[in-house]
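Work through the exercises below with the sequence and the model open. Each task is followed by a solution in steps.

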Amino acid sequence: MSAALIAQEPVTVNDYRRDYEAPRSESEARYDSRLQQASASRGGHMEGAWQVSTSDGRKLISLELRHSGNDIEGAWRSSAGGYGLNASGFVSDATLIGRDLEVNYFVGQAKSPIILHLRQDANGTWRGTSMNVAGEKTPVVLTRATGS
């Protein structure tokens, strides 16, 4: 090992307050784009990464969905806690009928799920509500997640 590497102070987890990877090069971005296109061509139109936000743009959760035939499954991650502090879990149920999508997921030990009920409008935008365990509804928008 070189003396320069040995003399450096160790890096702690708390030193990372943002994305610690270097920005992607143009060729890496093209490669990632081709991978996403190939993945989308194999799955249904709900396949991939999605973001659920309030109508004023505040991010609530990220979804990663797999859509094969009539089956949709996936995972969710809260966007509220900051890096490393987000709750996450699996989607317990997802149903797509025409332009209506319902996604249910449980947070922690809750006995009832959070229910996303969305409808795709004529422009292709998914809008609807997120209902918490107390029955309170928040207007939300579902959009494709953009690459990092």
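**Exercise 1. How many helices and strands does the protein chain have, and what pattern do they follow along the sequence?**

Solution. This is a predicted model.
Step 1. Counting elements gives two helices and eight strands.
Step 2. Reading along the sequence gives the pattern α-α-β-β-β-β-β-β-β-β.

**Exercise 2. Describe burial, exposed surface and contacts for the whole chain.**

Solution.
Step 1. The protein chain has 148 residues, and 22% of them count as buried.
Step 2. About 10,700 Å² is exposed, with carbon and sulfur atoms supplying 51% of that area.
Step 3. Take the contacts with a separation of 6 or more: residues 24 or more positions apart account for 28% of them.

**Exercise 3. Place Q51, decide whether Q51 is buried or exposed, and find its partners.**

Solution.
Step 1. Q51 sits in strand β1, which covers residues 48-54.
Step 2. The relative accessibility of Q51 is 10%. Buried means under 20%, so Q51 counts as buried.
Step 3. Set aside the neighbours within four places in sequence; Q51 is then in contact with K59, L60, I61, S62, S79, V141, L142, T143 and A145.
Step 4. With S79 there is also a polar contact between the side chains, at 3.4 Å.

**Exercise 4. Do the corresponding analysis for E47.**

Solution.
Step 1. E47 belongs to the loop that runs between α2 (26-42) and β1.
Step 2. Its relative accessible area is 11%, and because the cut-off for buried is under 20%, E47 is buried.
Step 3. The side chain of E47 makes a polar contact of 3.2 Å with the side chain of R66.

**Exercise 5. Which residues and strands line the second largest pocket, and what is the character of the lining?**

Solution.
Step 1. The second largest pocket holds about 280 Å³ of space.
Step 2. Its lining consists of 15 residues, of which L60, I61, Y105, I114 and S130 are the closest to the centre.
Step 3. Sort the lining by residue class: eight are nonpolar, four polar and three charged.
Step 4. Assign the lining to elements. Strands β2 (59-68) and β3 (71-78) each supply at least two residues. The most comes from β2, which gives three residues.
Step 5. Compare with Exercise 3: L60 and I61, listed here among the residues closest to the pocket centre, also appear among the contacts of Q51.

Methods. Residues numbered from 1 in each chain as written. Predicted model: local features only at pLDDT ≥ 70, side-chain atom pairs only at ≥ 80, totals over all residues. Heavy atoms only, no water. 1 Å grid on protein atoms, 1.4 Å probe; cavity = no way out; pocket = protein on both sides within 12 Å on 5 of 7 lines; lining within 4 Å. Points joined across faces, edges and corners; volume = space filled by probe spheres on them. Helix = DSSP H or I, 4+ residues; strand = E, 2+ residues; numbered from the N terminus. Nonpolar A, V, L, I, M, F, W, Y, C, P; charged D, E, K, R; others polar. Buried < 20%, exposed > 50% of the residue type's maximum accessible area, 1.4 Å probe, protein only. Polar contact = N/O pair within 3.5 Å; in protein donor to acceptor, adjacent residues only side chain to side chain. Contact = heavy atoms within 4.5 Å. Areas by Shrake-Rupley, 256 points an atom, 1.4 Å probe, with all protein chains shown as cover.
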